[in-house]
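Thanks for coming. I have one model to show, and I will keep to the ligand and the cysteines.

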Amino acid sequence: MRAITLRKPDDWHLHFRDGQMLNETVPATARCFARAIVMPNLVPPVVNAEQALRYKQRIMDARPAGSDFMPLMTLYLTDQTSVADIRAAVESGVSAVKLYPAGATTNSDAAVTGLTPLYPVFEEMAELGMPLLIHGEVTDLQTDIFDREKQFIDEHLAPLTQAVSGLKIVFEHITTADAADFVLSCSERVGATITPQHLMLDRNDLLVGGIRPHNYCLPILKRNTHKLRLQEVIKSGSSKFFLGTDSAPHTRSAKESPCGCAGCYSAWSAIELYAQIFDDLGALDKLEAFASEHGPRFYGLDMNSQRITLIEQDWVIPEHIKLWDGETIVPFYAGQTCRWKLQ
Ligand code: NCD
Ligand code: ZN
């Protein structure tokens with residue numbers, strides 16, 4: 001039986017939600033990740049340091065006994081975010097600021113409507129070394145959903161990297177060859193996270209043979225050639241790309257609906273699926289750097305000293321997860337076999 005031992009990984013893009021849901025989501029991530037960058041798209045969103053610290057405490061309170069899992073908090077950028085908000089966030093130990101274009105995804109109504117007015121805020125972030133995490137899609141209704149990421153690069157991201165060259169940027173959950181190539185063309189201050197679903201699936205997995213709502217996430221799955229390019233860049237071992245699951249739970253009824261929510265809940269199988277992806281690419285030797293080294297190096301944090309071990313052993317991802325109120329969540333890759341298992 002093959003086994004692989006890794007430095008303990010971190011998840012650089014994650015949705016924990018809030019309230020009782022934390023009792024489900026926090027143990028799922030804390031079982032194998034040492035830290036996670038926690039997305040701020042709650043209702044209402046986490047827009048200042050005080051809210052971020054209170055949210056952090058709720059997450060810490062939901063950790064399993066004995067866990068030393070550490071949430072890394074983010075602020076939700078709005079048109080009103082000020083230089084003073086950024087300074088207060090840095091002082092409070094907030095790790096990053098998340099930019100959602102208004103209307104881009106789940107709970108993004110309060111998000112920014114234009115980037116240029118925020119350039120002074122970005123200058124301050126560059127000065128203080130605070131990373132900007134970007135959901136990179138345009139949201140105008142004229143742009144085809146499959147072109148939204150590419151258009152965001154051309155209209156917003158390329159100009160921003162030119163205008164505020166000292167700013168650290170993570171292009172989150174990239175889905176296209178265009179995004180991968182753009183990140184490669186930038187300085188070392190620009191990196192990207194990649195999810196398991198965008199490495200494993202393409203839009204056929206969403207639409208062929210029937211609509212599969214549990215594969216619906218944003219940015220939407222793209223054509224096969226984009227998936228292949230993402231596989232290539234992780235296989236190359238480039239330090240610009242690192243693990244970010246974008247694990248984003250929604251209840252079964254919210255997903256299996258006439259207007260279903262976007263998000264795949266992958267926390268219970270993510271590190272295992274990444275292992276399978278790297279193994280299938282013949283690049284298992286590149287998994288540790290992607291999962292455990294590139295992220296801390298980008299964020300300027302220490303690497304974890306603990307280790308985890310994965311063994312090659314088939315197991316079936318559960319069909320559903322029961323919640324406290326009788327609702328269920330259908331996890332990502334439900335009912336399918338994963339070849340790697342956390343020991
Ligand atoms: C995320 C969510 O549900 O919060 N959904 C998703 O499809 N990825 C939001 C996001 O990261 O876009
Ligand atoms: Zn996300």
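I will start with how the values were obtained, then go to the ligand site and then to the cysteines.

This is a predicted model, in which local features need pLDDT of at least 70 and side-chain atom pairs count only at pLDDT 80 or more, while totals for chains, interfaces and linings use all residues. Residues are numbered from 1 along each chain as its sequence is written, chains are lettered from A and ligands numbered from 1 in the order in which they are written, and side-chain values use heavy atoms, with hydrogens and water left out.

Now the ligand. Around ligand 1 there are 15 residues, counted when a heavy atom lies within 4 Å of it. The closest are Arg-17, Asn-41, Thr-105, Leu-218 and Asp-246. By class, four of the shell residues are nonpolar, nine polar and two charged.

Next, the polar contacts, meaning pairs of N or O atoms within 3.5 Å. The side chain of Asn-41 has an N or O atom 2.8 Å from an oxygen atom of ligand 1. For His-250, a polar side-chain atom is 2.9 Å from a ligand 1 oxygen. Ala-262 uses a polar backbone atom, at 3.1 Å from an oxygen of ligand 1.

On to the cysteines. How many disulfides does a search of the whole structure find? Zero, with the cut-off at cysteine sulfur atoms within 2.5 Å. The sulfur of Cys-264 has its closest cysteine sulfur in Cys-217, but at 4.3 Å that is too far for a bond.

Methods. A polar contact is a pair of N or O atoms within 3.5 Å; within protein, one must be able to donate a hydrogen and the other to accept it, and residues adjacent in sequence count only if both atoms are side-chain atoms. Ala, Val, Leu, Ile, Met, Phe, Trp, Tyr, Cys and Pro count as nonpolar, Asp, Glu, Lys and Arg as charged, and the others, Gly among them, as polar.
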